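Work through the exercises below with the model open in a viewer. Try each task before reading its solution.

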Amino acid sequence: WDAMIDMYEKYGYYKDDIKSITLKGIEGLAKIQEILDTLRSNPPKEIGGYKVLSARDYKKDTIVDMATGETKPTGLPSSNVLYYDLEDDAWLCVRPSGTEPKVKFYFGVKGTSLEDADEKSAALGKEVLAMIDSML
């Protein structure tokens, strides 16, 4: 435990989490694709109070620097996945489930303590769901 706390103190208190939205039926699958298409064509500039630094689109094989517009390839296989590098070592990844009628949101934050990381993670998760809810 002490060694783990020492690592947290040295590198930061990182916390990852996942949220998902279930959208059943043909309409749900279309809505999931619409969410991804909207995020793909209009990458957010800010997510949950975090500035978006870069937007990766694994389907298009691109990484776009949001400040300069510079684009480079991901170098990875094509996949219907979007990934946003956020300021303060936070991140968000969006993808449809391969087996269920869901769109999944994986995200991570860095805190100054376990409590801070928990609070930041809960706040980001809430903001991500609110952002998607506004698209529904």
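**Exercise 1.** Is Thr22 buried, partly exposed or exposed?

*Solution.* Keep in mind that this model is predicted. Start with the location: Thr22 is found in strand E1. Next, take the cut-offs: buried is under 20% relative accessible area, and exposed is over 50%. Thr22 has a relative accessible area of 38%, so it is partly exposed. For a spatial reference, take Ile32. Thr22 and Ile32 are 10 residues apart in sequence, and their C-alpha atoms are 8.9 Å apart.

**Exercise 2.** Find the strands that pair with E8, and say how far E8 is enclosed.

*Solution.* Take E1 (residues 13–22) as one partner. E1 and E8 pair in the antiparallel sense over 10 bridges. Within this pairing, Tyr13 stands opposite Gly111. Now take E7 (residues 91–96). E7 also pairs with E8 in the antiparallel sense, over six bridges. Here Leu92 stands opposite Phe107. E7 and E8 form a hairpin, with five residues between them. Last, check burial along E8 (residues 102–111). Eight of its 10 residues are buried, so E8 is largely enclosed by the rest of the structure.

**Exercise 3.** Describe the span of H3 and sort its two faces by burial.

*Solution.* Begin with the span. H3 covers residues 114–133, which is 20 residues. From first to last C-alpha it reaches 28 Å, close to the 28 Å expected at 1.5 Å a residue. Then list the buried residues: Asp116, Ala117, Ser121, Leu124, Gly125, Val128, Met131 and Ile132. Viewed down the axis of H3, these buried residues fall within an arc of 160 degrees, so they line one face of the helix. The face turned away from the buried side carries exposed residues: Glu115, Glu119, Lys126 and Asp133.

**Exercise 4.** Which parts of the chain does the salt bridge between Lys15 and Asp118 tie together?

*Solution.* First, the contact. The side chains of Lys15 and Asp118 meet in a salt bridge at 2.9 Å, N to O. Lys15 lies in strand E1 and Asp118 in helix H3, so the pair ties together parts 103 residues apart in sequence. Then check accessibility. Lys15 is partly exposed at 28%, and Asp118 is partly exposed at 39%.

**Exercise 5.** Contrast the salt bridges of Lys31 and Arg40.

*Solution.* Lys31 forms a salt bridge with Glu34 at 3.1 Å, N to O. Both residues lie in helix H2 (residues 25–41), three residues apart, about one turn of the helix. An α-helix has 3.6 residues a turn, so residues three or four places apart point the same way. Glu34 is partly exposed, with a relative accessible area of 40%.

Now turn to Arg40. Its salt bridge is with Asp57, and the closest N and O atoms are 2.7 Å apart. Arg40 lies in H2 and Asp57 in strand E3 (residues 50–57), so this pair ties together parts 17 residues apart in sequence. Arg40 and Asp57 are both buried.

**Exercise 6.** What is notable about phi at Asp88 and Asp89?

*Solution.* Recall the background: most residues other than glycine have a negative phi. Asp88 has a positive phi near 60 degrees. Phi of Asp89 is likewise positive, near 60 degrees. Asp88 sits in the loop between E6 (82–86) and E7, and Asp89 is in the loop between E6 and E7 too. Finish with accessibility. Asp88 is exposed at 53%, whereas Asp89 is partly exposed at 45%.

Conventions: Residues numbered from 1 in each chain as written. Predicted model: local features only at pLDDT ≥ 70, side-chain atom pairs only at ≥ 80, totals over all residues. Heavy atoms only, no water. Helix = DSSP H or I, 4+ residues; strand = E, 2+ residues; numbered from the N terminus. Expected span 1.5 Å × (residues − 1). Buried < 20%, exposed > 50% of the residue type's maximum accessible area, 1.4 Å probe, protein only. Arc of directions from axis to C-beta. Pairing = 2+ DSSP bridges. Salt bridge = Lys/Arg side-chain N within 4 Å of Asp/Glu carboxyl O.
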